[in-house]
Amino acid sequence: MSSNPTIARRQRWLSVLAKASGARLTALWQAVGLTPSYTVLRRPEIGLVMVQGRISGTGAPFCAGEMTVTRAVVRLDSGEMGFGYVRGRDARHAEIVAAVDALGQRAEWVETLEAAIVTPLADEAEARHRLIAARAAATRVDFFTVAREAGA
Amino acid sequence: MYVAVKGGETAIAHSLDLVADKRRGDRDVAELSLEQIDQQLGLAVDRVMTEGSCYDRGLAALAIKQARGDLIEAIFLLRAYRTTLPRFGASEPLDTTRMVAERRISSTFKDVPGGQVLGPTYDYTHRLLDFSLAASGERAEAPTAPADASHALPRVGDILQRDGLLEPPPSNDEGEARDLTREPLVLPASRPLRLQNLARGDEGFLLALGYSTQRGYGNNHPFVGEIRYGHVPVSFVPEELGFAIEIGEIEVTECDMVNQFAGSHDVPPQFTRGYGLAFGHAERKAMAMALVDRALRADELGEAATSPAQDEEFVLAHSDNVEGSGFVQHLKLPHYVDFQSELVVVRMLRAEVEKRREQAGLAQAAE
């Protein structure tokens, strides 16, 4: 995360929005009922990002394989530019992320968007992770070696 | 040699229709949806994404449906599709310590920090057919237990490494790794390039090579340091933004193999490593990749490279099932002209032999 609070907020928003499902984001966006006037500078475009791994997890990077990504760029009539980069091929998802990113740069919208879209999506992502971890935890084991321990 | 032929358009069109008909099968049976393939044949989707070298569950499911379950054909379809897309750039390297793990085991330490978490595994099944699956019905949800998902998962490798017992992985801060899809493979290849080749390589081929090392063809005495499978965020720095954002989460399987130690005059004996990484849940692939990665380090570690798995040229040139399947299957295309010329040669040679025999016979008769 950046030490610049404005950039740190955008980083967090863009990450939370991208990791949400397109359908869920669309539902929340429609519920807010904002219809900002913006120009689509870059129509949603599908492309690839090469995912890099690291040797043994921490060493030199290598190309592990690509993933599909959709990106879009919008500009509000007031001039702010918003960017959407999301995994997958959902054009609507990328465009809404770009619109929210642009609106988030206007101070008067930050609180509304945070409360109505970003916080709920972050909470849902956390709940998803908690469920994965809870199901995994139910399969945690203790293996006992049959060999006699030293000194026993 | 394949020589272009003309004709057969109608037959080919009808053949494609027949493929489509066979794909649909009995019309009284419900048609498969891509969601069903993604959700219920998820490991097939994982394999197609890994060897198709493109993470997209929907596309992989579509490829599997189109290929009627022929996974190598599906991998080919996904590889072909990816060539139509522009490249936005490369991600930041994955940080798998941030993984929300579904499974994490170590076969070297039983009391590994973070615990042994079996997750969804076939390891402890009896491999008996479960006939209850033949009928559809309500299936219970998996049980849960209290857990903390917010903690980073320590690496087994780091623990051993701290004591100097395990070699650290090679570091390289030159930025983005070189990319086989952008430049041809030149031998000898660097380890990152070898790993990219193996990551998209055929699971069956790598499994056989990994197995061969265990049976003695380049043995390096492996232990599973750690296998983990779960969800990791992918960070990317869009050029226009200049700062990193997470653009999504993907599932990966990682295998860090701990191998036979080596030492020299200068370096005290320490364990060595091989590494495997695959999209989705693909342990067999990640393990085989790690075994072959380690075997291919024979030269670097001063081991005699006498076995196929240690032969970089042999392994890297034959690991790709799209290339392999293409070259093997092209034999089905018309080779009529080529074969005609061979036929002429064989007939000529046979005629010569026949002539020599006749002459020898005449000479004998004359004596």
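## A salt bridge between the domains of chain B

In this predicted model, Asp202(B) and Arg47(B) form a salt bridge in which the closest N and O atoms are 3.1 Å apart. The count between domain 1 of chain B and domain 2 of chain B is 1 salt bridge, and across that interface 6 residue pairs are found in polar contact, both residues being at pLDDT 80 or more.

On the side of domain 1 of chain B that touches domain 2 of chain B, helix H3 (42–52), strand E1 (54–55) and helix H5 (71–82) of chain B each supply at least two residues. The largest share of that side comes from H3(B), with 6 residues, and by class the side divides into 5 nonpolar, 2 polar and 5 charged residues.

## Extent of the domain contact

The division of chain B assigns residues 9–82 to domain 1, whereas domain 2 is assembled from the segments 96–120, 151–168 and 178–319. The C-alpha centres of these two domains of chain B lie 29 Å apart, and 12 residues of domain 1 of chain B are in contact with 14 residues of domain 2 of chain B.

Between them, domain 1 and domain 2 of chain B bury about 1,100 Å², with 50% of this area on carbon and sulfur atoms. Within domain 1 of chain B, the residues that lose the most area to domain 2 of chain B are Thr50(B), Glu51(B) and Tyr55(B), which together account for 49% of what that side buries.

## The interface between chain B and chain A

The contact between the chains draws 76 residues from chain B and 57 residues from chain A, and the two chains bury about 6,000 Å² between them, 63% of it on carbon and sulfur atoms.

Across this interface there are 6 salt bridges, and Arg42(A) forms a salt bridge with Glu240(B), where the closest N and O atoms are 2.9 Å apart. The interface of chain B and chain A also holds 30 residue pairs in polar contact, with both residues at pLDDT 80 or more. On the side of chain B that touches chain A, strand E6 (residues 245–262) of chain B gives the most, with 8 residues, and that side as a whole has 40 nonpolar, 17 polar and 19 charged residues.

## Strand pairing across the chains

Strand E1 (residues 38–54) of chain A pairs with strand E2 (residues 87–90) of chain B in the parallel sense, over 3 bridges. Where these chains meet, Val49(A) stands opposite Gly89(B), a residue in E2(B).

Conventions
Residues are numbered from 1 along each chain as its sequence is written. Chains are lettered from A and ligands numbered from 1 in the order in which they are written. This is a predicted model: local features need pLDDT of at least 70, side-chain atom pairs count only at pLDDT 80 or more; totals for chains, interfaces and linings use all residues. Side-chain values use heavy atoms; hydrogens and water are left out. Contact means heavy atoms within 4.5 Å. Buried area is the accessible area (1.4 Å probe) that two parts lose on being put together, summed over both. A salt bridge is a side-chain nitrogen of Lys or Arg within 4 Å of a carboxyl oxygen of Asp or Glu. A polar contact is a pair of N or O atoms within 3.5 Å; within protein, one must be able to donate a hydrogen and the other to accept it, and residues adjacent in sequence count only if both atoms are side-chain atoms. Helices (H or I, at least four residues) and strands (E, at least two) are DSSP runs, numbered from the N terminus. Ala, Val, Leu, Ile, Met, Phe, Trp, Tyr, Cys and Pro count as nonpolar, Asp, Glu, Lys and Arg as charged, and the others, Gly among them, as polar. Two strands pair if DSSP finds at least two bridges between them. Domain bounds come from an automatic or database domain assignment.
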